[in-house]
Amino acid sequence: LPRAGVRSDFRRFEELHDKCDKVDTALTAFKLSSTLQLGDLQRLETTATNLVDAINELLTQIKEKTSYGVVSGLTVTAQDTPDMSVNVSEGIIYMQDGKRFEVVADTMNVIEADTENPRIDIIYINGIGVVSYYPGTAAEVPEAPETPSSSQLLAEIVVAKNAIKIETANITDKRKLIATNLGDAINELYMQGFVADQLATEAARMAKVNSRGLDAVKGEAIPVALTNSSTYPFNNSVKVISLTQEKTTTDYYVDIELVSAAGGGVGDFRVTDKLLNGFKLAFTGAATAVNVICRVKGGV
């Protein structure tokens, strides 16, 4: 049974799972609505990022609190130059009685092979946290021996008849990795958080693009005061107009709304030298002062 503290971890899993569902719901709402604000998406992205971090932290805690088994390491491998011995890497293991052992690396010798039949030997951690070896019984169809009481099996080793070395193919990993029964649930929850994080990031990016597109449709309204000190037909009213938001192309157009004029006729308005960040505006008449509103649209 799980030890003290794991019930709260399960409750935390449920909370995280609920949060993942809420993120998915929010993203679905984004697809169905064009009115979602950029600030909402930024908060959504932050929530998803925090959720992934919380899942990673909880995963570590769960490994240390759930059931019993190998937390890390304790793999059984053949020698680089195979012989009648195997290596066991260092690692951490929780025993059935709740004891925790940090096991040092070790090398275990395998007894001489039978001359007539194969056998299956086992490598295990005994009740006091020591790497141990137990040979099986040679037989035409051999079976692995039972793991001693209060011990945990790490690997089975098939020893062929007349064998003179143990190779990787002869070793079968039998470790019980801690929280194995929760592994799929943890991975699924992690992936939900990861996908939500990615979707929230993409949603925020799309919102920025859509926001710029909406601004381009609505247009930027710029009040402009033009003055002219020359005598008609001459005119020196040309003025550089700066855009609040830089365009991505110069393929924008400028609607000009006349607000007021003094000192004569206005004539025509001329927009020239369009750049990504502004343009020039002038009028051609005899007026000495003209006030207009420039509405700039497009250019995204």
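This is a short walk through a predicted model of one protein, from its overall make-up to two of its sheets.

Hi everyone, a little housekeeping before the strands. Residues are numbered from 1 along each chain as its sequence is written, and side-chain values use heavy atoms, leaving out hydrogens and water. Because the model is predicted, local features need pLDDT of at least 70 and side-chain atom pairs count only at pLDDT 80 or more, while totals for chains, interfaces and linings use all residues.

So, how confident is the predictor? On pLDDT, its confidence in each residue from 0 to 100, the protein has a mean of 80, and 64% of its residues reach 70 or more. Please be careful with residues 32-36, where pLDDT stays under 50. For that stretch the model has 2 contacts (heavy atoms within 4.5 Å) beyond four places in sequence.

Now the overall picture. The protein has 3 helices and 16 strands; these are DSSP runs numbered from the N terminus, with H or I over at least four residues for helices and E over at least two for strands. Of its 300 residues, 35% are buried, meaning under 20% relative accessible area with a 1.4 Å probe, counting protein chains only. About 17,400 Å² is exposed, and carbon and sulfur atoms supply 52% of that area, which comes from the Shrake-Rupley method with a 1.4 Å probe. Among contacts with a separation of 6 or more, 64% link residues 24 or more positions apart.

On to the sheets. Two strands count as paired if DSSP finds at least two bridges between them. One open sheet has 3 strands in the order β1-β4-β5, with antiparallel pairing. Its edges are β1 (69-73) and β5 (100-103); each has a single partner strand, so one side of each is left without a neighbour in the sheet. The twist averages 15 degrees from one strand to the next, using axes fitted to C-alpha atoms and angles from 0 to 180 degrees between N-to-C directions. Strand β4 (residues 91-94) is joined to β5 by 4 bridges, and I92 stands opposite E102 in β5.

Which strands form the other open sheet I picked? They are β12-β15-β14, in that order, and they pair antiparallel. Here β12 (239-242) and β14 (269-275) are the edge strands with a single partner each, so each has one side without a neighbour in the sheet. Neighbouring strands are turned by 30 degrees against each other on average, direction ignored. Between β12 and β15 (residues 278-283) there are 4 bridges, and V240 stands opposite K280 in β15.

Thanks, everyone!

Methods:
pLDDT = per-residue confidence, 0-100. Buried < 20%, exposed > 50% of the residue type's maximum accessible area, 1.4 Å probe, protein only.
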